[in-house]
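Here is a short briefing on one protein structure. Look first at the sequence and the model, then read the points below.

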Amino acid sequence: MDATLTETTGSAFQTLAGLRFSKGHGTGNDFVLVADPEGAHSIDAQQVAALCNRHRGIGGDGLIRAVPSRFLPEGRDILAANPAAEWFMDYRNGDGSLSEMCGNGVRVFVHFLRTEGLIDLPVGGALAIGTRGGLKTVVRTADGYAVDMGPWEFIFPGEATAKAMDSLVTAEGLEVPRPALSVSMGNPHTVVALAELAELEATRLYTAPAVEPVPANGTNVEFVVPSEPLVHDGVGSVTMRVHERGVGETQSCGTGACAAAVATRHWAGAGAPDAWRVTVPGGVVGVKFFAGPGGHEHVELSGPAVIVASGTLS
């Protein structure tokens, strides 16, 4: 880190002195979490980047501020349609940029609300929360949380339907560009299928893969290897790595796991299952498709959430 960045990081921490925080993760996708029940904290992009710095900060793929929905314009819009969505997940990527949504982060967010005593959610109970990707409903399960991620859609539906691909992705470690399929889960994803695990391991994600054409707001890129056999006991299975916008490679990506299941099921064709098991470097998450309101197909993401530490910035 150069001197200018060191000074910037130090200044950011000074302005946040006394702030209480926790550190949590969902299958290795890790976050700094801050409870702000009074809407008193305005944590800007520079401060988020300092907090998420893995060498001079707490370290994390992103920062989640737990704030009542009424304190944010996006939250008030969601409250108008669903008054039960009291809490809003104010999420930024590790570089400080705003993000619409994070599937692993939603589970950790709700677990954080529980551990902070801000909500009471028994096993089987459901909680509506606001995100920039819209309203999300989270159910506490016996071993974690299941999230209704809402409807999915193809970003380039014409190409996806006609050719089952809509873009080309170039990544270090892969000799030629690979065809891909772009899926929105409230945030953008581009999914690339690889033939074998050796290819997946050889793909280098230190730098962002190049996507052509790239979705309007950039994209997260998932590389997936279907299992052999693809389906076992009615459940499809894939292994995935991901490069996230504004972060780099992460141990897991919940919305990315959903997008990977969407794309793989589309490629598999008629008869492909609605239940999927997605293995990521940080563990395993479950993905299920089900009929949602208004005839739109929704996606459920399930998996664990862990709070590993709490403290106060000095």
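The points that follow cover two annotated cysteines and two pockets. The model is predicted. The UniProt entry, which is unreviewed, places the feature "active site" at Cys102 and Cys253. These two residues span 152 residues in sequence, yet their C-alpha atoms are no more than 7.3 Å apart, so they gather at one spot. Both Cys102 and Cys253 belong to the lining of the largest cavity.

**Cysteine 102**

- Cysteine 102 sits in a loop, with β4 (87-93) on one side and α4 (103-115) on the other.
- Its relative accessibility is 3%, and buried means under 20%, so cysteine 102 counts as buried.
- Leaving out residues up to four places away in sequence, cysteine 102 touches Asn29, Phe31, Met89, Tyr91 and Thr255.

**Cysteine 253**

- Cysteine 253 is also found in a loop, the one between β15 (248-250) and α7 (254-268).
- With a relative accessible area of 2%, cysteine 253 is buried.
- Apart from neighbours within four places in sequence, cysteine 253 is in contact with seven residues: Asn29, Asn104, His189, Glu222, Met240, Val242 and Glu244.
- Asn29 appears among the contacts of cysteine 102 and among those of cysteine 253.

**The largest pocket**

- The largest pocket holds about 200 Å³ of space.
- It is lined by 13 residues, and the closest to its centre are Trp276, Val285, Gly286, Val287 and Ser302.
- Three strands each give two or more residues to this lining: β16 (275-280), β17 (283-291) and β18 (297-303).
- Of the elements, β17 gives the most, with five residues.
- By type, the lining of the largest pocket has seven nonpolar, three polar and three charged residues.

**The second largest pocket**

- The volume of the second largest pocket is about 160 Å³.
- Its lining is made up of Cys52, Arg54, Gly60, Asp61, Gly94, Asp95, Gly246, Val247 and Glu249.
- Two of the lining residues of the second largest pocket are nonpolar, three are polar and four are charged.
- Where does the second largest pocket lie with respect to domain 1 and domain 2? Domain 1 (16-142) and domain 2 (151-288) both give residues to its lining, so the second largest pocket lies between them.

Conventions: Residues numbered from 1 in each chain as written. Predicted model: local features only at pLDDT ≥ 70, side-chain atom pairs only at ≥ 80, totals over all residues. Heavy atoms only, no water. UniProt positions renumbered as here; feature names shortened; annotations may be inferred. 1 Å grid on protein atoms, 1.4 Å probe; cavity = no way out; pocket = protein on both sides within 12 Å on 5 of 7 lines; lining within 4 Å. Helix = DSSP H or I, 4+ residues; strand = E, 2+ residues; numbered from the N terminus. Buried < 20%, exposed > 50% of the residue type's maximum accessible area, 1.4 Å probe, protein only. Contact = heavy atoms within 4.5 Å. Points joined across faces, edges and corners; volume = space filled by probe spheres on them. Nonpolar A, V, L, I, M, F, W, Y, C, P; charged D, E, K, R; others polar. Domains from an automatic or database assignment.
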